[in-house]
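Me: I would like to go through one protein model step by step. Please take my questions in order and show how each answer is reached.

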Amino acid sequence: MKLKFYFSVASIITLAACGSSETPQVLVSEAFEEPPVGIATAATNAANASVATRLPLDNQTDFDNASRGFLAKIEDDAIRSATGDIVWDIRQFDFLTGDAPATVNPSLWRQAKLAALHGLFEVTDGIWQVRGYDLAVMTVIQGDTGWIIVDPLTTVETAAASLQLVNDTLGTRPVSGVIYTHSHVDHFGGARGVINEEEIAARGVPVIAPTGFADHAIAENVLAGNHMSRRAILMFGSSIPRNETAHVSSGLGPGIPRGSISLVLPTEEVREGTRVIDGVTFEFIDAAGTEAPSEFMFYLPEKRALCTAEVASGTFHNVLTPRGAKVRDALSWSRVIDSVLADYGDRSDVVFASHHWPTWGQENVRAYLTGQRDIYRYVHDQTLRQANAGATMTEAAEMLAEPTFSTDMFSTRGYYGTLNHNTKAVYQFYFGWWSGNPAEYHALPSEITAARYVDAMGGAESVLALGIEAFEKGDYRWAAELLNHLVFADADNEMARQWLASSYEQLGFQAESGAWRSYYLVAASELRNGILDGINPQLSNPEFVRAVPTMDLFNAMASRFNPEKMKRDPYIINFVFTDTDEEIAVHVSSDVIVPRAGGDDDASASVRMSRETFDSILLGTANVPALTLSGKLAISGDALAVRAFLQSLDQPEFWFPIVTP
Ligand SMILES: [Zn+2]
């Protein structure tokens, strides 16, 4: 960064009147001698100031609700693992005080402050929540004999510390029931911190989850986990600090804790209907296929309390999450909320969810549910209206105006999901990835187009100058487009990387969504510093692998099969599992491997082992030669065929590049 760029334009910024437009027009550009780092430009200052002007950010209702019923907080604040490592420390968010700095969208700043309010809170008689010690919140309901835990957080450590806080404050009681509202890990990963299989067996503790929970909780991580987890690093800002110029909040909760993730399988899966758990009546409400493929809400008639799980929370959620997942159905989502509004709106004195804080008072509950229903309905219907009139995905997203109710109903604002990317999600749900324009149907990959665009625009220096010019006008989206071509044409172009990083940074500083902000700011960090692979992702958790059906593991292996490594004629291997009495025949060819249940008489080789041994191979904690020597694994027939099969499986790189080629 020794080069300096001098532009003749004076550093004077004139802005269009704020208030009417979301994106202030910068009339005169601001010159920079080098790409700014960690400071808000005048254009970002103005954009964030206009948000503060437009929204009633000093409304205290959410702060009152998020503080209501406070009883106690964890003494030390820091939550540690068994080895003493800090897995969560809410004090990392102590910087969230006062007015928003210029480097943070003030609406996100407000949400971040709310999400960082922490402790044990009473929701209503017999219901409490522990908030601020994880991405999610844990709800505790008093049963006849003990605590019924709803959604035991992401990690064993944060769940155990939260239960300890409950016992210390309200009196020690056993856990008499566990409920997972849905199949996302921030709602079941900490289960072993509150219960284990021995207690479940000894005391008959019910662990209740929605229908399909086990399949979906596992499936999401098995086939596509590597890619999703890598992108989640960006989305949740896991590799950057927590401060005014980095991660401030995920919007859904403060952030993701470190620590160990567990999987305690449910004893019963429930779709809907009434159940009495430790003397408390639950009316379960099916919400499958909304925010999660497996999800329910519930109503507690004796408490006149409604739990909306993650179907309705304190933000506009993701119809398609930036980390990647299967797209969700916005219409179904809205309809499920509407049926809850119709059935329970007049019977609920309080509504609480698995993130954020409760809403009290029948009228407020109805308004909250109405807003949640309407925001998913709005994005669904308006996307289709635009698409049916001929809009492409990006055009529809650009055209969709903010609905009027979002101005003062903060729970419908995009602190996690955004109107922009949820519009694209609805488009994708109905039309797939293609705009319908044939030029985009069989487009060249970006590394090729990048180099050609750079040539077509007069070479690298010319594109860099154009990118800087766009930056200096505050047109960061266009700057990013131009400079991204330059980086993808030549990843070693240091100036391009630095200016692209600064463009992402300003976009992050302006973002209202915590997920967008973190994504942009991690991207900037990876451009400036390279990929910081200090975090050891927990991709292969033994508890998860153990719970995966054997056939699903073979399907996951098949998705790692590299045809270039298989130079043999087709053959079959039988895998025989001695402890589970399973047999799977794997048909291997030079292009695909196809597992099929049951053995095959024409197999060239047979591998006998326990499922536990198989798991240890997949987890990388044991290798085939050692297992063979110890007698835990026996191969009969063509041993070279088995070896060729195992060697044909790729080990995916977790820290693959995203913002560079
Ligand atoms: Zn969640």
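The questions below go through a predicted model, with domains, sheets and helices in turn.

Me: How far apart are the centres of domain 1 and domain 2?
Reply: The protein is divided into domain 1, residues 68–431, and domain 2, residues 549–647. Their centres are taken over C-alpha atoms. The separation of domain 1 and domain 2 is 39 Å.

Me: Which strands are the edge strands of the open sheet of six strands?
Reply: The order in this sheet is β11-β12-β13-β14-β15-β16, and the pairing is mixed. An edge strand here pairs on one side only. The edge strands are β11 (273–277) and β16 (359–360).

Me: Which residue in β15 stands opposite Cys-307?
Reply: Strand β14 covers residues 305–307 and strand β15 covers residues 350–352. These strands run parallel and are joined by three bridges. Opposite Cys-307, in β15, stands Phe-352.

Me: What is the average twist from one strand to the next in the open sheet of five strands?
Reply: This sheet has mixed pairing and the order β19-β18-β17-β20-β21. Its edge strands are β19 (593–597) and β21 (633–637). From one strand to the next, the twist averages 20°.

Me: Which residue in the turn of the β17 and β18 hairpin has a positive phi?
Reply: β17 (residues 571–577) and β18 (residues 582–588) pair in the antiparallel sense, over seven bridges. Within this pairing, Ile-573 stands opposite Val-586 of β18. Four residues lie between the two strands of the hairpin. The one with a positive phi, of about 55°, is Asp-581.

Me: In β20, what is the bridge partner of Phe-577?
Reply: β17 pairs with β20 (residues 605–609) in the parallel sense, over five bridges. One of the facing pairs sets Ile-573 opposite Ala-605 in β20. For Phe-577, the bridge partner in β20 is Met-609.

Me: At what angle does helix α19 run to β19?
Reply: Helix α19 is made of residues 550–558. The helix lies across β17, β18 and β19. To β19, helix α19 runs at about 170°.

Me: Are α15 and α16 roughly parallel or roughly antiparallel to each other?
Reply: Two packed helices are described by the angle between their axes and the distance between the axes. For α15 (residues 476–489) and α16 (residues 494–510), the axes are 9 Å apart and the angle is about 150°. Angles over 145 degrees count as roughly antiparallel. α15 and α16 are therefore roughly antiparallel.

Me: How many nonpolar residues does the contact of α15 with α16 have?
Reply: α15 passes α16 in a left-handed crossing. The contact is made by residues including Leu-483 and Val-487 of α15, and Trp-499 and Leu-500 of α16. By class, three residues of the contact are polar and one is charged. The number of nonpolar residues is eleven.

Me: Are α7 and α17 roughly parallel or roughly perpendicular to each other?
Reply: The axes of α7 (residues 225–235) and α17 (residues 514–529) come within 6 Å and cross at roughly 100°. Angles of 65 to 115 degrees count as roughly perpendicular. α7 and α17 are therefore roughly perpendicular.

Me: How many charged residues does the contact of α7 with α17 have?
Reply: Ile-233, Leu-234 and Met-235 in α7 meet residues of α17, among them Ser-518 and Val-522. By class, seven residues of this contact are nonpolar and one is polar. The number of charged residues is given as no residues, that is, none.

Terms used
Residues are numbered from 1 along each chain as its sequence is written. This is a predicted model: local features need pLDDT of at least 70, side-chain atom pairs count only at pLDDT 80 or more; totals for chains, interfaces and linings use all residues. Axes are lines fitted to C-alpha atoms, for helices over the stretch in contact, and angles run from 0 to 180 degrees between N-to-C directions. Angles under 35 degrees count as roughly parallel, over 145 as roughly antiparallel, 65 to 115 as roughly perpendicular and the rest as oblique. A crossing is left-handed if the near helix is turned anticlockwise from the far one by less than a right angle, and right-handed if clockwise. Two residues are in contact if their C-beta atoms, placed from the backbone, lie within 7 Å. Ala, Val, Leu, Ile, Met, Phe, Trp, Tyr, Cys and Pro count as nonpolar, Asp, Glu, Lys and Arg as charged, and the others, Gly among them, as polar. Two strands pair if DSSP finds at least two bridges between them. Domain bounds come from an automatic or database domain assignment.
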